[in-house]
4 protein chains.
Amino acid sequence: MSKDNKINVTIWNENVHEKTNSAVCEIYPGGLHGFLAEKLNSPDLNIRTATLDEPEHGLTEEVLNNTDVLLWWGHAAHHKVEDAIVDRVQQKIWDGMGLVALHSAHMSKIFCRLNGTSGKLHWREVGERERLWVVDPSHPIVAGLPEHFELPYEEMYGEPFMIAADAKPIIISWFEGGEVFRSGFTLQRGYGRMFYFRPGHETFPSFHNANVIKVIGNAIRWLKPAYRADYPKTHTPDSLEVISPKDFKHVKAGIIR
Amino acid sequence: MSKDNKINVTIWNENVHEKTNSAVCEIYPGGLHGFLAEKLNSPDLNIRTATLDEPEHGLTEEVLNNTDVLLWWGHAAHHKVEDAIVDRVQQKIWDGMGLVALHSAHMSKIFCRLNGTSGKLHWREVGERERLWVVDPSHPIVAGLPEHFELPYEEMYGEPFMIAADAKPIIISWFEGGEVFRSGFTLQRGYGRMFYFRPGHETFPSFHNANVIKVIGNAIRWLKPAYRADYPKTHTPDSLEVISPKDFKHVKAGIIR
Amino acid sequence: MSKDNKINVTIWNENVHEKTNSAVCEIYPGGLHGFLAEKLNSPDLNIRTATLDEPEHGLTEEVLNNTDVLLWWGHAAHHKVEDAIVDRVQQKIWDGMGLVALHSAHMSKIFCRLNGTSGKLHWREVGERERLWVVDPSHPIVAGLPEHFELPYEEMYGEPFMIAADAKPIIISWFEGGEVFRSGFTLQRGYGRMFYFRPGHETFPSFHNANVIKVIGNAIRWLKPAYRADYPKTHTPDSLEVISPKDFKHVKAGIIR
Amino acid sequence: MSKDNKINVTIWNENVHEKTNSAVCEIYPGGLHGFLAEKLNSPDLNIRTATLDEPEHGLTEEVLNNTDVLLWWGHAAHHKVEDAIVDRVQQKIWDGMGLVALHSAHMSKIFCRLNGTSGKLHWREVGERERLWVVDPSHPIVAGLPEHFELPYEEMYGEPFMIAADAKPIIISWFEGGEVFRSGFTLQRGYGRMFYFRPGHETFPSFHNANVIKVIGNAIRWLKPAYRADYPKTHTPDSLEVISPKDFKHVKAGIIR
């Protein structure tokens, strides 16, 4: 947390569709990152943005050292994110930083690395109705939400969704076209946690929806590290107990088994 | 499974210590891979070996397509394993192949990728006593084992062990010097599963121990894919239900939310 | 397993609706238990049935000692199942027996005891279409199934479903009326495992569906205990290591802390 | 939470050993409940105590409605706790109340009900040294703790420990006599969560240890419900989507399958 006791949030966006499809910036003025920064604006948050085409994708050591929770929106340019930057982001998560992976971030490098899976799923882009059901109403990420809410136009994502076995489902979606999907789940890796949240296609207005923004805002507060532990160093400690003398001649000869 | 209904097993070893430390081949004639191949020999298994210095590390498409369960022993040369080969191994695991990660494979690339973690731990190499406790006696991997068994000389690995949150513990170790460790755990990623098993330092005779070999043998039978499902292709399915007509002017203008 | 190497299956049914609603036996001649016994009939299974009104509900020590996998269908008479019999069933599961809990068994005593939860859910009984999606296609319980299949008429069960946090989802349902539901999940308790499977309302013909029967049959084979471990006895073992002498005067006085 | 924004804590103790063994009250003046109340005293907590021999074991509807976190110490009188009171406690946990189960509460009715298991383990009561290792240093329950700490005199609890498969291990113990044990783990059931913590034998001074008290205090703050959701009512909702007309003649005749 920052000195002023606020949560430091960095919103990362590949910012690619914004440059090629005018509909995106019509729906999301300022790009997805700029729009989200405005929507999530709150006195307890220090929000900044970063994009793919900045030096080091805008995710320098300094930026990440001052980030409590990172939001990630990517789709067309997953492969253009440099491995060295993904290494750095992953290490910060292991150290305690939180991650909110949004929509098509399900196939981003960082998502796949944390899950250990391919992130594959089925999809259909016709703008159909999605109904999101809260399956763990006690979770702080869904505080203040109704049992279910709807998005009138969304891309469909369908099961089977290739995610880690410890993905804890918080939200499951019903789609007008006939599919289901684990749309909100949490995961812990090292000392940090992530939350994946499905809605947010670049040409549908889901980030205008108050419930969607509430979920993301709740996730930011929940992902903030409760306290900072020192990440363990691999080291050779002295023994804590007396170790009996060993007859290494026997060991070396492979005789004692 | 092979045509003759046997389980195809490939034992991979980096085979580095064998070339620089004569004690290793004294204890394990034929190298760790060769020794394990002999110890695990059984009528229901087709066993072959592969090593780091072979072309493609001995893990060609053809070899992996004919491998039901892969054993992995690595330590000094984790960084020399090419990313493209690790990609291939990971894809085969997602497709259903089983993996037994042995001892210092806890920091191999494939182990870290499946866990999504660093694999870090504490360690001490003085040849102390380890007692392994079975914490889930009903698991097929520990069939036929006593409640606990001992290894007189082993390297110590200690907690905290940086592994995935869904690591299901089967065995937990007690060390003479005062530490504890989750020495045996399973994990599923995609359609395949892995088992990590701690013992097996190159200069201690643990692979001579009948219980250690029994665990590895059980793991091979348990990791064999029960049946082969087609790994899901990311695709755009037609809708299964009728989707109501949409007024996309409104969507594009961001008016309907 | 029985001496003839077959799996011993006991199908338990409360057999209450069968006596009051003629539609039930029209759809399921012989009652739900009798019908399932016939549908599941196979050379590798020894199937018997048991019902609520038999002495000890048909679940004597002898019956359960000779049961590898128990199927449970109950709805109207959960409260009439005696606690002592539920204790016995639960102990056998802890010892390794498998359980298939069907449909409205989600509020049976044994289901709630294994989950540690209330088993609550939303429901609607209008005979709507259900589409079941396989979310883990590699699991033996869904071997041979398509990615999804439909039941034209079913009762709706909807989230939130109050189940244990380690419920591993294998199947998630989509309902015509707009809900989603974790329709197939596994759980381990002690040495035994359970599988819950949603379809099977008494006045809809779901047990005539070949995919439904295949899932139940697969579950029986998967739940069969791999091998029998002795359930641990709480006991006072001698120490395995030398324990240093203690000065109990200090302990008793609460001085050494 | 109470009106004054404090966390309402109720410390429950069976208070049996205190009456028959003078050593217990020598070490723990005021009984285990009274001693813990004093040690945990803090401006942000409203602490009260309750014991077995009070009417309704001191756990009336009113008391539980005003309890955010319940501590439980029991051993000799598990069977004397009335089922109706355990029902009530379990329902409050499902509604969001937190539970800290201490030491021999591993075989209390409420512990076994939440786990769905027997709670069995091995034990030895000679007052040996226990070393507790933190296996998830990022968890708020172990905030401020060293990597490991010792208790010079404790009862031994040993694996296998019969607990739920989703028990998330936070602390694992090493014992002087040669055993290991999952000494601290969390679990969610319904909307509430529990934390089990091993130390605290009635004739050893573990509750004098500052680290033990810190863990219990941290657990209380972590278990406090983040916010109160309404526990779901089982009900029959109207459909959210239009359900196509059904031909029930076919259904009743079991023809459409």
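## How the copies meet

Through which surface do the copies, chain A and chain B, meet? They meet through the same surface, because 100% of the interface residues of chain A are also interface residues in chain B. Bear in mind that this is a predicted model. A turn of 180 degrees with a shift of 0.0 Å along the axis lays chain A on chain B, with an RMSD of 0.0 Å.

The contact draws 51 residues from chain A and 52 residues from chain B. On the chain A side, several elements supply at least two residues each: helices H2 (22–27), H6 (109–115) and H8 (248–252), along with strands S5 (122–134), S6 (148–158) and S8 (180–189). S5(A) gives the most, with six residues. By residue class, the side of chain A that touches chain B splits into 22 nonpolar, 17 polar and twelve charged.

## The A–D pair

Chain D goes onto chain A by a rotation of 180 degrees with 0.0 Å of shift along its axis, and the RMSD is 0.0 Å. That is the relation of a two-fold axis. The residue of chain D that comes closest to the rotation axis is D:Asp166, with its C-alpha at 4.8 Å.

This contact takes eleven residues from chain D and eleven residues from chain A. Eight of the residues on the chain D side are nonpolar, two are polar and one is charged. Here too the same surface serves both copies, as 100% of the contact residues of chain D recur in chain A.

## Chain A at a glance

Chain A has eight helices and nine strands, and its C-alpha trace spans about 75 × 45 × 35 Å along the principal axes. Of its 257 residues, 58% are buried. If you look at contacts in chain A with a separation of 6 or more, 69% of them come from residues 24 or more positions apart.

## Strand S5 and its partners

S5(A) pairs with two strands that are worth tracing on screen. Eight bridges join S5(A) to S6(A), and the two run antiparallel. One residue pair to look for is A:Arg131 with its bridge partner A:Glu150 in S6(A). S5(A) also pairs with S7(A), residues 168–175, again in the antiparallel sense, over five bridges. For A:Trp133, the bridge partner in S7(A) is A:Ile172.

## Two helices in chain B

Start with H5(B), residues 83–95. At 1.5 Å a residue, its 13 residues should span 18 Å, and the end C-alpha atoms are indeed 18 Å apart. Its buried residues are B:Val89, B:Gln90, B:Lys92, B:Ile93 and B:Trp94. The buried residues of H5(B) pack against H4 (61–65), S3 (69–73), S4 (98–102), H6 (109–115), S8 (180–189) and S9 (192–197) of chain B. Just after H5(B) comes B:Gly96, with a positive phi near 130 degrees.

H7(B), residues 210–223, passes the length check as well: 14 residues should span 20 Å, and the end C-alpha atoms are 20 Å apart. The buried residues in H7(B) include B:Val212, B:Val215, B:Ile216, B:Ala219, B:Ile220 and B:Leu223. B:Gly217 and B:Asn218 are buried too.

## The nonpolar core

The largest nonpolar core holds 285 residues, and A:Val100, B:Val100, C:Val100 and D:Val100 touch the most other members. Helix H7 (residues 210–223) of chain D brings the largest share of this core, seven residues.

Leaving aside residues up to four places away in sequence, D:Val100 touches D:Val69, D:Leu71, D:Trp72, D:Phe195, D:Phe197, D:Ile216, D:Ala219, D:Ile220 and D:Leu223.

## Backbone oddities

There are cis peptide bonds to check. One joins A:Glu159 and A:Pro160, with omega about 0 degrees; A:Pro160 lies in the loop between S6 and S7 of chain A. Another joins D:Glu159 and D:Pro160, with omega about 5 degrees, and D:Pro160 sits in the loop between S6 (148–158) and S7 (168–175) of chain D.

Positive phi values turn up in non-glycine residues as well. B:His57 has a phi of about 55 degrees and lies in the loop between S2 (45–51) and H4 of chain B. With 21 C-beta neighbours inside 10 Å, B:His57 counts as buried. D:Glu56 also has a positive phi of about 55 degrees, and its place is in the loop between S2 (45–51) and H4 (61–65) of chain D. D:Glu56 is partly exposed, with 15 other C-beta atoms within 10 Å.

Notes: Residues are numbered from 1 along each chain as its sequence is written. Chains are lettered from A and ligands numbered from 1 in the order in which they are written. This is a predicted model: local features need pLDDT of at least 70, side-chain atom pairs count only at pLDDT 80 or more; totals for chains, interfaces and linings use all residues. Two residues are in contact if their C-beta atoms, placed from the backbone, lie within 7 Å. Helices (H or I, at least four residues) and strands (E, at least two) are DSSP runs, numbered from the N terminus. Ala, Val, Leu, Ile, Met, Phe, Trp, Tyr, Cys and Pro count as nonpolar, Asp, Glu, Lys and Arg as charged, and the others, Gly among them, as polar. Copies are superposed by least squares on the C-alpha atoms of residues with pLDDT of at least 70 in both. A residue is buried if 20 or more other C-beta atoms lie within 10 Å of its own, exposed if 12 or fewer, and partly exposed in between; C-beta atoms are placed from the backbone. The expected span of a helix is 1.5 Å times one less than its number of residues. A nonpolar core is a set of buried Ala, Val, Leu, Ile, Met, Phe, Trp, Tyr and Cys residues joined through C-beta atoms within 7 Å. Two strands pair if DSSP finds at least two bridges between them.
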